[in-house]
Amino acid sequence: MSLRIAAVAAIAIACGVSSLAGSVEARTGEDHVTREARYAKALRHAIAQHWTPPAIDRGATCRVRVRQLPGGEVLNAEPMSDCSFDAAAQASLVRAVYRAAPLPYAGFEPVFARDLTITFTMPTP
């Protein structure tokens with residue numbers, strides 16, 4: 001499997017989105033949960049289209065804090081202190097977030113969060 005395909009598969013399997021402020025988690029209901037899942041999938045897809053990572057150890061995980069404006073403009077993206085990716089992989093992931101801007105927004109207004117934590121995990125065999 002090529003590195004790019006492996007990275008996209010990792011995002012599709014292991015990318016979780018959560019609101020740092022807790023506003024998304026505070027809401028409940030099946031419709032909201034479904035829309036939130038679609039929003040997470042749209043974010044994963046948008047970033048994966050722009051990410052060609054260097055070699056990353058299997059099982060390595062990196063959480064990236066993203067601050068965005070309504071409309072999806074990325075104001076800031078930075079790896080969190082517990083990121084186990086090396087510096088080159090962290091930089092490639094941050095670049096991918098910026099290149100994916102504007103991040104998905106239209107249709108996701110009810111679940112939009114200005115502050116997100118997106119987790120990327122490389123698959124294990």
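Start with the protein chain coloured by secondary structure: in this predicted model the chain comes to four helices and four strands, and, followed along the sequence, these elements appear in the pattern α-β-α-α-β-β-α-β.

Next, keep the whole chain selected and switch to a surface view. The accessible surface of the protein chain comes to about 6,500 Å², with 55% of that area belonging to carbon and sulfur atoms. Of the 125 residues in the chain, 39% count as buried. If you then display contacts between residues at least 6 apart in sequence, you are looking at a set in which 78% join residues at least 24 apart.

Now select the cysteines Cys62 and Cys83, and show their side chains as sticks. A disulfide joins Cys62 to Cys83, with a distance from S to S of 2.1 Å, and the count of disulfides in the model comes to one. Turn the view to look along the S-S bond: the angle about this bond is -110°, and the link between Cys62 and Cys83 is left-handed.

Widen the selection to the segments on either side of this link, which connects distant parts of the chain. Cys62 belongs to strand β2, residues 61-68, while Cys83 sits in the loop between β3 (74-79) and α4 (87-99), the two cysteines being 21 residues apart.

Finally, bring back the surface and ask of each cysteine in turn: is Cys62 buried or exposed? Cys62 counts as buried because its relative accessibility is 1%, under the 20% cut-off. Cys83, selected next, is likewise buried, with a relative accessible area of 11%.

Terms used:
Residues are numbered from 1 along each chain as its sequence is written. This is a predicted model: local features need pLDDT of at least 70, side-chain atom pairs count only at pLDDT 80 or more; totals for chains, interfaces and linings use all residues. Side-chain values use heavy atoms; hydrogens and water are left out. Buried means under 20% relative accessible area, exposed over 50%, partly exposed in between (1.4 Å probe, protein chains only). Contact means heavy atoms within 4.5 Å. Accessible areas come from the Shrake-Rupley method with a 1.4 Å probe; for residues, only the protein chains shown count as cover. A disulfide is a pair of cysteine sulfur atoms within 2.5 Å.
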